[in-house]
Amino acid sequence: MKKFIDTIRNIFSIEELRTRILNTIGFLVIFRIGSFVVLPGVDPSNLGGDATGIFGLLDTFLGGAFSNASVFALGIMPYISASIVLQLMTVAVPYFQKLQKEGDSGRKKINQLTRVLTIAICTAQGFSYVSAAIPAEAIISNTFFFKFTSVIILTSGTIFCMWLGEKITDKGIGNGISMLIMIGIISRFPGSIAAEAITRGMSEMLLFILELVALFFVVLVTVALVQAVRRVPVQYAKQVVGNKVYGGQRQYIPLKVNASGVMPIIFAQSIMFLPAMLAGLWREESDFANYIGTTFSDFTSWQYNVTFAIMIIVFTFFYTAITINPNQIADDMKRNGGFVPGIKPGKQTADYLDNILSRITLPGAIFLAIIAILPAFAMIAGVNQGFAQFYGGTSLLIMVGVILDTLQQIESYLLMRHYEGMMKTGRVKGRTQAA
């Protein structure tokens, strides 16, 4: 306990870190307040409680904003969907490939296009949300003017959430977009675990304890997945500059088994929301749309889980490919006089790294997909939906990934100021390793 208190004191003794933490808390408080501001023209007393199915999962990510018919009901998901589309464009379309290679100016243009596309997606999703997700009895006056103004407000709410995420990244600690999703998830955790305990009651308290134990081990496995690293040895040749000798030491390239982090889960989940929401527009007119809406609104259905798992595996390879470039790593090593023992510098080194990356990404992607669909199995086993979403799956992966990333940044600040890290053993991997 004394070490914990000393660590907290050290954290707040660093002015920059203290400012960033307070800024992050302030932005997150604003986000949480906005999730309770109901759309004009909606009677909150007739909303009908928490959402279920796929809408319930979305409601978990948004901290109840979806079921509250809040101005933040769409949250940050449209922005994530737009980011997916633009990242796919940078792989397939030459114009966007050129923009990506232009440095800061190209990234600024891509960010502008992402914002424009976000507005377009918000317009479509906002109309679907007002038409299908808000109960008719909760709408005071279901007119065209109500739908029009609601879509504008929902779009403005998403843009404001996007701004909050960018401010957290710039002025706070951690990745802003991921932090907004995480705080929405965490806000639902106490109520979910209390509801599960009440449901089990004293007669099934042993079963509830076993569920907590199972959750503990799932968290351990998830942390192991996020932290798993394949270290590739790199030897640097000795260089004599003046009277000093540089190099000659062996370092490592840390290739993470889950190099893409939580992004494949977020990407896949944001796309999985689209079929149910779009099908709501034509559900009464088409049997096929009704089938799609019903199937993809139930995240315990095998169709949903198989599609979700395949998309996670695909996005894991895709995101890893665009974030880690073996050719660039091999070129940087060659320029600095580094080489992998037994492998020739240049193309053979790049092929060697690419081969290792492919081998560790496949099991990592499969394991990521298995964890992501665990809530479906938990619900089949009798766990309530609210608690099952934390029993594994997207919620747990996002929480673990974001918390570890934030912990890594805090420890970096502590070590730069010559303070002891937050943990004596088991520190966050990748923080002090050579890249």
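**Figure 1. Val213, a partly exposed residue.** In this predicted model, Val213 has a relative accessible area of 39%. That value falls between the 20% and 50% cut-offs, so Val213 is called partly exposed rather than buried or exposed. You can find Val213 in helix H9, which runs over residues 205-227.

**Figure 2. The nonpolar patch around Val213.** Which residues join Val213 in making a nonpolar surface patch? Look for Leu206, Leu207, Ile209, Leu210, Phe216, Phe217 and Leu220. Together with Val213, these residues make a patch of about 770 Å².

**Figure 3. Thr158, tucked under cover in helix H7.** Here we switch to Thr158, which sits in helix H7 (residues 144-171). Is Thr158 buried or exposed? Its relative accessible area is just 1%, and the cut-off for buried is under 20%, so Thr158 counts as buried. Leave out residues up to four places away in sequence, and Thr158 still touches Leu74, Gly75, Ile76, Pro78, Thr118 and Cys122.

**Figure 4. Asp59 and its distance to Leu74.** Leu74, one of the residues that Thr158 touches, turns up again in this view. How far apart in space are Asp59 and Leu74, C-alpha to C-alpha? The answer is 9.4 Å, with the two residues 15 apart in sequence. Asp59 belongs to helix H3, residues 53-61. With 0% relative accessibility, Asp59 is another residue that counts as buried.

**Figure 5. Where helices H12 and H14 cross.** Two packed helices can be described by how far apart their axes are and by the angle between those axes. For H12 (residues 302-323) and H14 (residues 347-372), the axes come within 9 Å and cross at roughly 145 degrees. This crossing is right-handed. On the H12 side, the contact is made by Phe308, Ala309, Ile312, Ile313, Thr316, Phe317 and Thr320. On the H14 side, look for residues including Leu357, Ser358, Thr361, Leu362, Ala365 and Ile366. Further along H14, Leu368, Ala369 and Ala372 take part in the contact too.

**Figure 6. Zooming back out to the protein.** How many helices and strands does the protein have? There are 17 helices and five strands. Of its 435 residues, 45% count as buried. The protein exposes about 21,500 Å², and carbon and sulfur atoms supply 64% of that area. Now take the contacts between residues at least 6 apart in sequence: 70% of them join residues at least 24 apart.

Conventions: Residues are numbered from 1 along each chain as its sequence is written. This is a predicted model: local features need pLDDT of at least 70, side-chain atom pairs count only at pLDDT 80 or more; totals for chains, interfaces and linings use all residues. Side-chain values use heavy atoms; hydrogens and water are left out. Patches are made of residues with over 30% relative accessible area and no salt bridge: like charges are joined within 9 Å, nonpolar side chains (Val, Leu, Ile, Met, Phe, Trp, Tyr) within 5 Å. Accessible areas come from the Shrake-Rupley method with a 1.4 Å probe; for residues, only the protein chains shown count as cover. A salt bridge is a side-chain nitrogen of Lys or Arg within 4 Å of a carboxyl oxygen of Asp or Glu. Helices (H or I, at least four residues) and strands (E, at least two) are DSSP runs, numbered from the N terminus. Buried means under 20% relative accessible area, exposed over 50%, partly exposed in between (1.4 Å probe, protein chains only). Axes are lines fitted to C-alpha atoms, for helices over the stretch in contact, and angles run from 0 to 180 degrees between N-to-C directions. A crossing is left-handed if the near helix is turned anticlockwise from the far one by less than a right angle, and right-handed if clockwise. Contact means heavy atoms within 4.5 Å.
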